[in-house]
Amino acid sequence: MDVDVDVDVDVDVDLLPLGAGDKPVIANLMQLYLHDSSEFEPRELSAHGMFDYAWLDSYFTAPDREAHLITVAGRPAGFALARCDVDGDDGAWNVSEFFVVRRHRGRGVAAQAAGLLFQRHPGPWTLSYLLANAAASRFWPNLVSVQASGPVSRIEQQPPDVAAPKIRLRFQAGHH
């Protein structure tokens, strides 16, 4: 599967900030995201057959966290969760969770949505992706190389510091 960071001009992508009343939409999409990511890191279903995500409420209550709905032609197509309260990040924004439903992958939707997210907060950003996730391992470095204004730092993280091997990128987003 090729990961294209080019923008498909025929795809109408938007990134909508969400409030507390919109939490059920993200909660539903979160189940799809956690199911997909369970291929790459250990996740167990709850007794109710759901994946738990303990931090969802904080994206609707904490001032330093944001939830966004990714839409294509006005219909839900994924989400982006961002925060600027990561320990040791000196206030940089962080892409905490990012998800595009399978139907819209490979069409530039993720690249457009991530670009819109970075535009919301020009300045320092961080993000991490799992090494086992081949698509993410191609997508994020390619996208960041296009979006970054300046050098990109790349740090490899290994257990026991993290649950699964991952790469962490730090870069400046904004004016080129």
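Me: In what order do the elements of the chain run from the N terminus on?
Reply: In this predicted model, the chain holds four helices and seven strands. Read from the N terminus on, these elements follow the order β-α-α-β-β-β-α-β-α-β-β.

Me: What is the radius of gyration of the chain, and what does the globule rule give for 176 residues?
Reply: Along the principal axes, the C-alpha atoms fill a box of roughly 50 × 40 × 35 Å. The globule rule gives 16 Å for 176 residues, and the chain comes close to that, so it is as compact as a globular protein of that length. The radius of gyration of the chain is 16 Å.

Me: What share of the contacts with a separation of 6 or more comes from residues 24 or more positions apart?
Reply: Of the 176 residues in the chain, 45% are buried. Among the contacts with a separation of 6 or more, the share that joins residues 24 or more positions apart is 62%.

Me: Which element gives the most to the largest nonpolar core?
Reply: In soluble globular proteins, nonpolar side chains tend to be buried together. Here the largest nonpolar core has 32 residues, of which I70, F98, F118, W125, L127 and W140 touch the most other members. At least two residues each are supplied by β1 (13-17), β2 (65-72), β3 (75-83), β4, α3, β5, α4 and β7. The element that gives the most, with seven residues, is α3.

Me: How many residues are in the second, separate core?
Reply: This second core is separate and includes L18, I26, L29 and F79. Its number of residues is 17.

Me: Why do the buried residues of α4 lie on the same side of the helix?
Reply: An α-helix has 3.6 residues a turn, so residues three or four places apart point the same way. The buried residues of α4 are A136, F139, W140, L143, V144 and Q147. They sit on the same side of α4 because the arc they cover around the axis is only 115°.

Me: Which elements do the buried residues of α4 pack against?
Reply: Helix α4 covers residues 134-147, and its 14 residues reach 20 Å from the first C-alpha to the last, close to the 20 Å expected. Its buried residues pack against four named elements, which are β4 (93-100), α3 (109-120), β5 (123-130) and β7 (166-173).

Me: Which residue forms a salt bridge with K23?
Reply: Side chains of opposite charge can pair when their charged atoms come close. K23 is in helix α1 (residues 23-37), and its partner is in the loop between α1 and α2 (58-61), 34 residues apart. K23 is partly exposed at 28% relative accessibility, and the partner is partly exposed as well, with 45%. The closest N and O atoms are 2.3 Å apart, and the partner is D57.

Me: Is E66, which meets R120 in a salt bridge, buried or exposed?
Reply: R120 lies in helix α3 and E66 in strand β2, so their pair ties together parts that are 54 residues apart in sequence. R120 is partly exposed, with a relative accessible area of 38%. The relative accessible area of E66 is 16%, and under 20% counts as buried, so E66 is buried.

Me: How far apart are the closest N and O atoms of D89 and R170?
Reply: D89 is in the loop between β3 and β4 and R170 in strand β7, 81 residues apart. D89 is buried at 5% relative accessible area, while R170 is partly exposed at 29%. The two form a salt bridge whose closest N and O atoms are separated by 3.8 Å.

Methods. Residues numbered from 1 in each chain as written. Predicted model: local features only at pLDDT ≥ 70, side-chain atom pairs only at ≥ 80, totals over all residues. Heavy atoms only, no water. Expected span 1.5 Å × (residues − 1). Buried < 20%, exposed > 50% of the residue type's maximum accessible area, 1.4 Å probe, protein only. Arc of directions from axis to C-beta. Contact = heavy atoms within 4.5 Å. Core = buried A, V, L, I, M, F, W, Y, C linked by side-chain atoms within 4.5 Å. Salt bridge = Lys/Arg side-chain N within 4 Å of Asp/Glu carboxyl O. Rg over C-alpha atoms; globule rule 2.2 N^0.38 Å.
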